[in-house]
Amino acid sequence: MARKVAGCVDSIDGDISSLVHKGLALALVLFRFVPLFAQNSIPQQYNAIYSGDAEQATFNHAPNAFLVEFTKTLKPGRALDVGMGQGRNSIYLAQQGWQVTGFDLSDAGVKLAREQAAKLQLRLTAIVADAAAYDFGEAQWDLIVFSYVPLGDLPARVERGLKPGGIVLVENFHRDTSKVRLLYGGFGDNELLQAFPGLRILRYEDLLAQQDWGVQLRDANRIGRLAAQRPKPAAPGCTWESKPYSEGATACWGVIRMTCRPKGWTRSGSCPHRPGRRATLTAQVRKATTRAVVPGIIRPSSDHGFL
């Protein structure tokens, strides 16, 4: 087949998949998109990526591995896929029973996601939208996904948009990756770890690995992964030895009296001394031996193992 690349026509025979294995498709993508990314808007850039057969062949269509692993134990609910691209993560979540909404700047990518969902007979809401203007709502989502999408100034809106107990998953490049590939942005050291101050960190990774989106180059990339959860309101009352106590109730821990307060147990005084099992057994032994002392037998004492 013939393809124009920067004004030149190259004749290339064979199926595009074989070109990928030979590295030729990769060269075509790089040669085509380096000037494209410099000259066009972001929607135009990604429309070109999601419209070309060669470009589609070089990009991963499988769901993000971190997302797959982490969501295995989660109960499906409402999920939002930010920067959904061609919908690889949205499609996977919908297949697992999630009620999924995804959006992207690229109408070509959103079109692919809709077509794939229809082909698989999946329910998926896929819209063309800009994250900067998108309304994340208040306590709307059980899961929000950022897979190789910049966070920008979105974290506060993401925190508000999560339901109590809801989780945000993030995977993206560290800034050091710019030393091995053309990269704009990326996280600095511990920047991702600190991105959501109102959430509880469930998992954080900073590692060298092959990214699972974009053109695969030879060198490993430094990648950050994060799972963080919006805390649920604490249940009222306390628990002691598996028994529930209401706020203001007291319990004894040996001679220590504790009172259940809104933030947990606090020491509030003393409890009457109650001999432990060992002391009680010792007292019973002493009482029994006092009643029946046999002549010629040494009376039990602490020197003979009873105490």
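Buried here means under 20% relative accessible area, and exposed means over 50%. Keep those cut-offs handy, and remember throughout that this is a predicted model.

**Stop one: the sheet**

Switch to cartoon and pick out the strands. You should find an open sheet of seven, in the order β5-β4-β3-β6-β7-β9-β8, with mixed pairing. Now colour β5 (124–128) and β8 (200–209): these two stand at the edges, and each has a single partner strand, so one side of each has no neighbour in the sheet. From one strand to the next, the twist averages 10°.

**Stop two: β3, β4 and a helix**

Select residues 78–82 and 99–104. These are β3 and β4, which pair in the parallel sense over five bridges. To see how they line up, show A79, which has V100 of β4 opposite. Next, add residues 107–119. This is helix α7, lying across β4 and β5 and running at about 165° to β5.

**Stop three: E171 and R225**

Time for side chains. The salt-bridge count for the model comes to nine. Start with E171 and R225, whose closest N and O atoms are 2.9 Å apart in a salt bridge. E171 sits in β7 (residues 162–173) and R225 in β9 (residues 221–229), so this pair ties together parts 54 residues apart in sequence. Are the two partners buried or exposed? E171 has a relative accessible area of 2%, so it is buried. R225 counts as buried too, at 16%.

**Stop four: over to β8**

Stay on R225 and add E205. Their side chains also meet in a salt bridge, 3.1 Å from N to O. Here β9 provides R225 and β8 provides E205, so the pair ties together parts that are 20 residues apart in sequence. E205, with a relative accessible area of 19%, is buried, given that the cut-off is under 20%.

Which residues join up in a network of salt bridges? Select E69, E171, R203, E205 and R225 together, and you have the linked set.

**Last stop: D189 and R222**

Finally, move to D189 and R222, which form a salt bridge with their closest N and O atoms 3.0 Å apart. D189 is in the loop between β7 and β8, while R222 belongs to β9, so the pair ties together parts 33 residues apart in sequence. Put a surface on and check D189: its relative accessible area is 56%, so it counts as exposed.

Methods:
Residues numbered from 1 in each chain as written. Predicted model: local features only at pLDDT ≥ 70, side-chain atom pairs only at ≥ 80, totals over all residues. Heavy atoms only, no water. Pairing = 2+ DSSP bridges. Helix = DSSP H or I, 4+ residues; strand = E, 2+ residues; numbered from the N terminus. Axes fitted to C-alpha atoms, helices over the stretch in contact; angles between N-to-C directions. Contact = heavy atoms within 4.5 Å. Salt bridge = Lys/Arg side-chain N within 4 Å of Asp/Glu carboxyl O. Buried < 20%, exposed > 50% of the residue type's maximum accessible area, 1.4 Å probe, protein only.
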